[in-house]
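Work through the exercises below with the sequence and the coordinates at hand, and attempt each task before reading its solution.

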Amino acid sequence: MKTTILSISMLLTAIAAGAQTAEEPKTVTIVITNDGDMQRQEVVQTDIGPVRRKLGIGEQEPFILRNASGQQVDYQITYDGMLIFETSVLPHGKATLRAERGVPQTAKTWVCGAQYKKRKDDLAWENDRCAYRMYGPALQQSGERSFGTDVWTKRTPDLVLAHRYTTDYRGNILEDSLRRAGDKEAARNVDLSTSFHLDHGYGMDAYGVGPTLGCGAPALLDGERLIMPWCYESFRILDNGPLRFTVELTYPTVSINHTKDGKPTTSNVTEHRLLTLDKGSNFNRMTVWYDGLQAPLAFATGVVLHGGEPIMGTDCVLYADPTEAPQRHNSQIFVAALFHNGVDRTRVLSSDNNIRHALGIVDNYDGHPYTYYFGAAWSLYDVRSVEEWQLRAKQFMQALEQPLSISLQ
């Protein structure tokens with residue numbers, strides 16, 4: 001009898017233990033490994049599918065990420081099915097995160113972009129380092145010839161674009177009203193306090209673009225002529241924060257007369273761009289491709305020069321831009337184009353209208369997707385000298401060469 005009671009007791013204990021084990025929440029350990037000699041802090045990514053499967057959750061179910069201290073870590077699921085989050089890893093070290101079921105805290109948005117119709121369809125985006133814009137259909141219809149990527153400096157990690165556009169827009173209306181009323185002094189004071197061409201403590205638009213590549217726009221190169229389709233025709237925002245902004249743009253079709261097999265031919269070429277910017281990065285990732293190119297041309301990208309000389313290497317073009325008003329701004333905007341996939345040559349191209357560009361060039365380009373990086377920093381914010389800018393670019397390229405590895409346990 002005692003043996004029977006003992007056996008039943010042991011059985012019930014085993015069943016209870018099994019039930020308790022079955023009810024324990026599933027977790028996934030994410031290990032990020034740094035095999036390099038540099039301290040790394042950046043946004044990394046891994047396929048979201050295996051994480052969800054290991055957690056036993058569906059595509060729409062939320063989960064929580066925690067660091068080694070148990071704090072929640074903000075993350076984002078991208079349009080192409082990647083889990084991205086920011087991490088910091090010691091040289092030759094590892095960082096560990098834990099994913100578990102649950103509803104995460106609301107993440108702070110560090111990166112975002114939008115079309116600003118109040119400013120002629122500008123497409124502008126920013127992260128905690130810098131802001132950028134590309135020009136839209138409304139500007140093209142106005143007849144103004146602006147093409148390249150514009151840089152808007154920042155000296156705050158907070159998002160400022162919407163505030164800048166709104167403040168400038170309202171200020172322009174009030175300023176015009178005051179000028180029409182003959183009150184020039186009041187109008188000037190409004191401009192001084194609202195214009196996004198002036199720094200009000202959080203950066204400004206002080207970079208000259210016009211009919212140039214600006215900072216890192218792509219173009220086909222026919223001999224000595226850069227072929228610019230001017231303003232974008234359409235766009236799709238694919239990711240919009242909190243950690244990554246991604247946008248796809250299509251540009252108007254351009255007819256190009258050139259040669260194929262020694263004979264004249266015409267290519268009706270459409271340019272496409274896929275652009276990504278992450279939190280904490282000074283550099284945008286750009287993939288560009290062209291439909292309709294009937295014969296190879298050269299592909300070029302780089303930065304416009306406003307005096308002074310660039311620093312050019314086999315995989316980069318770097319430049320300290322003096323701003324469009326050096327005597328007023330007394331600062332430098334550091335710009336760069338980085339060629340992780342290589343270029344055939346670099347050169348300074350001077351056009352007939354005295355515009356100079358520092359370019360990286362791919363010869364015999366057939367329109368296939370080509371990826372490079374471009375970006376900027378400001379001497380009044382996160383990069384103080386051209387030497388520091390060189391180091392920032394070098395370390396970014398080294399990180400591309402030796403990415404952090406991610407494994408699930």
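**Exercise 1.** Determine how the residues lining the largest cavity divide into nonpolar, polar and charged, and state which strand gives the most to that lining.

*Solution.* In this predicted model, begin with the count, which comes to 1 cavity of 30 Å³ or more, and then take the volume, since about 50 Å³ of space lies in the largest cavity. Next, list the lining: Leu220, Ile227, Pro229, Pro252, Val254, Ile256, Val269, Thr270, Glu271 and Tyr290. Sorting these residues by class yields 8 nonpolar, 1 polar and 1 charged. Finally, assign them to elements: β15 (254-260) and β16 (263-278) each supply at least two residues of the lining, and β16 gives the most, with 3 residues.

**Exercise 2.** Describe the largest pocket and the second largest pocket by volume, by lining elements and by residue class.

*Solution.* The largest pocket has a volume of about 1,200 Å³, and its lining comprises 38 residues, of which Glu42, Val43, Ser281, Phe396 and Leu400 lie nearest its centre. Two or more residues of this lining come from each of β2 (40-47), β14 (244-250), β16, β17 (283-291), β24 (370-378) and α7 (386-401), with β2 giving the most, 6 residues. By class, the lining of the largest pocket holds 14 nonpolar, 13 polar and 11 charged residues.

For the second largest pocket, the volume is about 310 Å³, and there are 15 lining residues, of which Glu224, Arg225, Leu226, Ser351 and Asn353 lie nearest the centre. The elements that give two or more residues to this lining are β12 (225-227) and β22 (345-350), and the largest share, 3 residues, comes from β12. The class division of the second lining is 8 nonpolar, 4 polar and 3 charged.

**Exercise 3.** Decide whether α4 and α5 are roughly parallel or antiparallel to each other, and name the residues that make their contact.

*Solution.* First take the geometry: the axes of helix α4 (residues 161-180) and helix α5 (residues 184-194) come within 8 Å and cross at roughly 170 degrees. Angles over 145 degrees count as roughly antiparallel, and therefore α4 and α5 are roughly antiparallel to each other. The α4 side of the contact consists of Thr167, Asp168, Gly171, Leu174, Glu175, Leu178 and Arg179, while α5 contributes Lys184, Ala186, Ala187, Arg188, Val190, Asp191 and Thr194. Sorted by class, the residues of this contact comprise 5 nonpolar, 3 polar and 6 charged.

**Exercise 4.** Place Arg66 in its element, and find which backbone oxygen its side chain reaches.

*Solution.* Arg66 belongs to strand β3 (residues 63-66), and its side chain reaches the backbone oxygen of Gly70 at 2.9 Å. Setting aside neighbours within four places in sequence, Arg66 is in contact with Gln71, Gln72, Val73, Thr96, Leu97, Arg98 and Glu100.

**Exercise 5.** Characterise the backbone at the peptide bond from Gly241 to Pro242 and at Trp230, and locate Pro242 and Trp230.

*Solution.* As background, most residues other than glycine have a negative phi, and most peptide bonds are trans. The peptide bond from Gly241 to Pro242 is cis, with omega near 10 degrees, and Pro242 sits in the loop between β13 (234-240) and β14. Trp230, although not a glycine, has a positive phi of about 65 degrees, and this residue is found in the loop between β12 and β13.

How values were computed. Residues are numbered from 1 along each chain as its sequence is written. This is a predicted model: local features need pLDDT of at least 70, side-chain atom pairs count only at pLDDT 80 or more; totals for chains, interfaces and linings use all residues. Side-chain values use heavy atoms; hydrogens and water are left out. Axes are lines fitted to C-alpha atoms, for helices over the stretch in contact, and angles run from 0 to 180 degrees between N-to-C directions. Helices (H or I, at least four residues) and strands (E, at least two) are DSSP runs, numbered from the N terminus. Angles under 35 degrees count as roughly parallel, over 145 as roughly antiparallel, 65 to 115 as roughly perpendicular and the rest as oblique. Contact means heavy atoms within 4.5 Å. Ala, Val, Leu, Ile, Met, Phe, Trp, Tyr, Cys and Pro count as nonpolar, Asp, Glu, Lys and Arg as charged, and the others, Gly among them, as polar. On a 1 Å grid over the protein atoms alone, a cavity is a set of points where a 1.4 Å probe fits but cannot get out, and a pocket is an open set with protein on both sides within 12 Å along at least five of seven lines; lining residues have an atom within 4 Å of a point. Grid points are joined across faces, edges and corners, and a volume is the space filled by probe spheres set on the points. A polar contact is a pair of N or O atoms within 3.5 Å; within protein, one must be able to donate a hydrogen and the other to accept it, and residues adjacent in sequence count only if both atoms are side-chain atoms.
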